Amino acid sequence: MSGRLCWQQDNSGGTTETLASLSRYFGDKDVFYIPRKVRKMKQNRDVFKTTWGFIWASIGSAVGCGNIWRFPVMVSKYGGLTYIIPYLIFVVLVANSGIIEEFALGRAAKSGPIGAFGLCTEKRGWGRRFGNMVGVVPVLGSLGLAIGYTCVFGWIIKYAYMAISGKLYALGTDLDTLGYSFGVETASAGSNNMWIIIAVVVALAITAFGVSSGIEKVNKFMMPLLFGMLVVLAIYISTLPGASEGYKYILTINPAGLADPNTWIYAFGMAFFSLSVAGNGSVIYGSYLERNEDIPFSAARVAIFDTIASLLATFVILPAMAAGGVSCDSSGPGLIFIYLVNVFNGMAVGRIIGVVFFILFVFAALSSIINLYEVSVAFVQDFFRAKRAIAAFFALGIGCFVAIFIQGIASEWMDVVNNFICPIGALLAAIMFFWVAGKDFALKEVNEGAKIPVGNAFIFLGKYVFCACAIVALVAGAILGGIG
């Protein structure tokens, strides 16, 4: 046993349980303690009950604010298909490398980033301690992004309530009034405490029920409904006078634009960040997969539906802005909470359109936030061996507390996490999977359950191309102030 003392006891309390958790996560060259309770918990780990339950949940983690408030603007800025074509190329690249890798890594370890990275270093013969310590980085990244998203989710829930109650439509079309409602009454420091708390309670109510009974069931309901609502909105917007100008622009190809490096770098950034490859969320959802699940099949569906969501949002927003006579040159929260509200409020049935739009936006944000918090919830469950509800309350409670204090700088907070910690997490996960654990491990884990096995091309794509892409995402994001 290489000089290592192995304990397998029935003791279920006190110091020995703490030692078990520390040994499991941070390693101990003298003691490797595996009490029966830990072995039983790992055997009884919650899993997704159906393939499409997992796919819808993963789609939910990918489809978020960026699909709705950034992608349409980038399409507008860089010329319709001139931007969409490079974007699709990078989606195929990331889907066939990063997404597959992170799903497979999580499934192999049956753990989040900390346990998964520890498994990789153990496979290399380095022990678990170093990998476990490195795995803390994507866990912190996920929690940081979840905290920022909590502020945003609070905004969205507030505006959904305002839309349903008629208060949003009553604001009219004056941009100063709309700007004050959002910038001062919603997104400034201390202005949205109640809605942040409501946002956390909603996410907690789902997360506490676990993977199959909470996350899976909710996403199987929300995601198809979200896509259906986007289709309905797109059809209605197509009937508006002036909407055709939006379609013409979307379908434009500008050869000079394709030669512009900025088109390609921002299309890459959008694909990279939209597909949620950050070494955390996809890893944790992969850890709830059964061994017979076809990971390449699932990864392809996630990429396809995430892209469809972005395109549908574009076919709603750009024609709507064209019909309203407004140029789509503002991205981020201002596009949604000011300019798009201005357009909706100017429509004959604008109140109804606003209700539908903000409800689907609630679904998009909620599905993302429960994935982001799940990484921390799973960590608390495993490290402290806490019950699911307690772990969820602890992780989301921290998120709520911090979100209330940083709400005035939520956008800047998310920029830092998104531009730096997320690409670092993606790079670390890829290095662990392809470089540290090695080719044989990678092929075995990906091909388990796959109807069409991957081969050396996948290894090359992940080991060299995707790792290089993660570095580009980090460096370009730092230089340009964010590319996704």
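Biologist: Before we look at E445, where does the cut-off for "buried" lie?

Modeller: Happy to start there: in this predicted model, a residue is exposed when its relative accessible area is over 50% and partly exposed in between. Buried means under 20%.

Biologist: Great, so is E445 buried or exposed?

Modeller: The relative accessibility of E445 is 5%. Because buried means under 20%, E445 counts as buried.

Biologist: Which residue does E445 meet in a salt bridge, at 2.8 Å from N to O?

Modeller: E445 sits in helix α23 (residues 439-447), and its partner is in the loop between α17 (281-286) and α18 (295-323), so the pair ties together parts that are 154 residues apart in sequence. The partner is partly exposed, with a relative accessible area of 27%. That partner is R291.

Biologist: Nice. Which residues belong to the network joined by salt bridges that share partners?

Modeller: The E445 and R291 bridge gives us two members to start from. Shared partners bring the network to R291, K444, E445 and E448.

Biologist: How far apart are the closest N and O atoms of R388 and E374?

Modeller: R388 belongs to helix α21 (residues 388-406) and E374 to helix α20 (residues 350-384), 14 residues apart. Both residues are buried. Their salt bridge has its closest N and O atoms 2.4 Å apart.

Biologist: Which helix holds both E245 and K248?

Modeller: These two form a salt bridge, with the closest N and O atoms 3.3 Å apart. E245 is partly exposed at 47%, whereas K248 counts as exposed at 52%. They are three residues apart, about one turn of the helix, and that helix is α14 (residues 243-250).

Biologist: On to the rings, then: what kind of aromatic pair do F54 and F103 form?

Modeller: F54 lies in helix α3 (residues 51-62) and F103 in helix α6, so the pair ties together parts that are 49 residues apart in sequence. Both rings belong to buried residues. The centres are 4.9 Å apart with 65 degrees between the planes, and since planes over 60 degrees apart count this way, the pair is edge-to-face.

Biologist: Last one, on helix α22: on which residue is its kink centred?

Modeller: Helix α22 covers residues 410-436, and the kink is about 30 degrees. Just after α22, G438 takes a positive phi of about 100 degrees. The kink itself is centred on N418.

Note on methods:
Residues numbered from 1 in each chain as written. Predicted model: local features only at pLDDT ≥ 70, side-chain atom pairs only at ≥ 80, totals over all residues. Heavy atoms only, no water. Phe/Tyr/Trp six-rings, centres within 6.5 Å; stacked < 30°, edge-to-face > 60°. Helix = DSSP H or I, 4+ residues; strand = E, 2+ residues; numbered from the N terminus. Buried < 20%, exposed > 50% of the residue type's maximum accessible area, 1.4 Å probe, protein only. Bend = angle between axes of the 7 residues up to and from the residue. Salt bridge = Lys/Arg side-chain N within 4 Å of Asp/Glu carboxyl O.
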